[in-house]
Amino acid sequence: MKLAVTYENGAIFQHFGHTETVKIYTVENGKVGASEVIGTEGHGHGALAAFLKEKGVAALICGGLGGGAVAALQEAGISIYAGNQGSADEAAAKFAAGQLAANAEANCHHHGHGEEHSCGNGSCSH
């Protein structure tokens, strides 16, 4: 299966709809296989869900995301693991080992504010 992680400089990027790159991993038999970093081609929020589905992604690890993104990802059949931070590779390894809990709870509720902020871990502060 394919797993995507919002990605920036080795870490989980904290705002799903603004991520410019994702790292896509192949996960088999409880282990992470090949991976590649790809650009999101300017897709954001709901359009990003369709982009990931087109790439064959079955699950997403991210920091924060809003309700619209949750709905779009669920409609695309992509499992959501939100509220994560830290190393993308470590999160992917935890996912592969079955040590990461699914979390489809929207944790960013103020789109359009234009301010720097950190969405994730069930809260969003700016």
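**Exercise 1. In this predicted model, determine which residue follows helix H3 and what sign its phi has, and then identify the residue that caps the N-terminal end of the helix.**

Solution. Begin at the far end of the helix: H3 is followed by Gly98, and the phi of Gly98 is positive, near 75°. Turn next to the N-terminal end, where the cap is Ser87, with a side-chain oxygen 3.3 Å from the backbone nitrogen of Asp89.

**Exercise 2. List the buried residues of H3, explain why they line one face of the helix, and name the strands against which they pack.**

Solution. First, go through residues 88-96, which make up H3, and pick out the buried ones: Ala88, Ala91, Ala92, Phe95 and Ala96. Second, look down the axis of H3: the buried residues fall within an arc of 140°, and therefore they line one face of the helix. Third, trace what these residues pack against, which gives strand E1 (2-8), strand E2 (11-12), strand E3 (21-28), strand E4 (31-39), strand E5 (57-61) and strand E6 (79-81).

**Exercise 3. Find the aromatic pair in the model, classify its geometry, and state where its two members lie in the chain.**

Solution. The count of aromatic pairs comes to 1. This pair is formed by Tyr81 and Phe95, whose centres are 5.1 Å apart and whose planes stand at 90° to each other; since planes over 60 degrees apart count as edge-to-face, the pair is edge-to-face. Placing the partners in the chain shows that the pair links distant parts of it, with Tyr81 in strand E6 and Phe95 in helix H3, 14 residues apart. As to accessibility, Tyr81 and Phe95 are both buried.

**Exercise 4. Establish how far strand E1 is covered, and work out the sense in which E1 pairs with E3, with E5 and with E2.**

Solution. Start with burial: 5 of the 7 residues of E1 are buried, so that the strand is mostly covered. Then take the partners in turn.

- With E3, the pairing of E1 is antiparallel and extends over 6 bridges; here Ala4 stands opposite Ile24.
- With E5, E1 pairs in the parallel sense over 4 bridges, and Ala4 stands opposite Leu60 of that strand.
- With E2, E1 pairs in the antiparallel sense over 2 bridges, with Glu8 opposite Ala11.

Finally, examine the hairpin of E1 and E2: there are 2 residues between the strands, and Asn9 takes a positive phi near 50°.

Terms used
Residues numbered from 1 in each chain as written. Predicted model: local features only at pLDDT ≥ 70, side-chain atom pairs only at ≥ 80, totals over all residues. Heavy atoms only, no water. Buried < 20%, exposed > 50% of the residue type's maximum accessible area, 1.4 Å probe, protein only. Arc of directions from axis to C-beta. Contact = heavy atoms within 4.5 Å. Polar contact = N/O pair within 3.5 Å; in protein donor to acceptor, adjacent residues only side chain to side chain. Pairing = 2+ DSSP bridges. Phe/Tyr/Trp six-rings, centres within 6.5 Å; stacked < 30°, edge-to-face > 60°.
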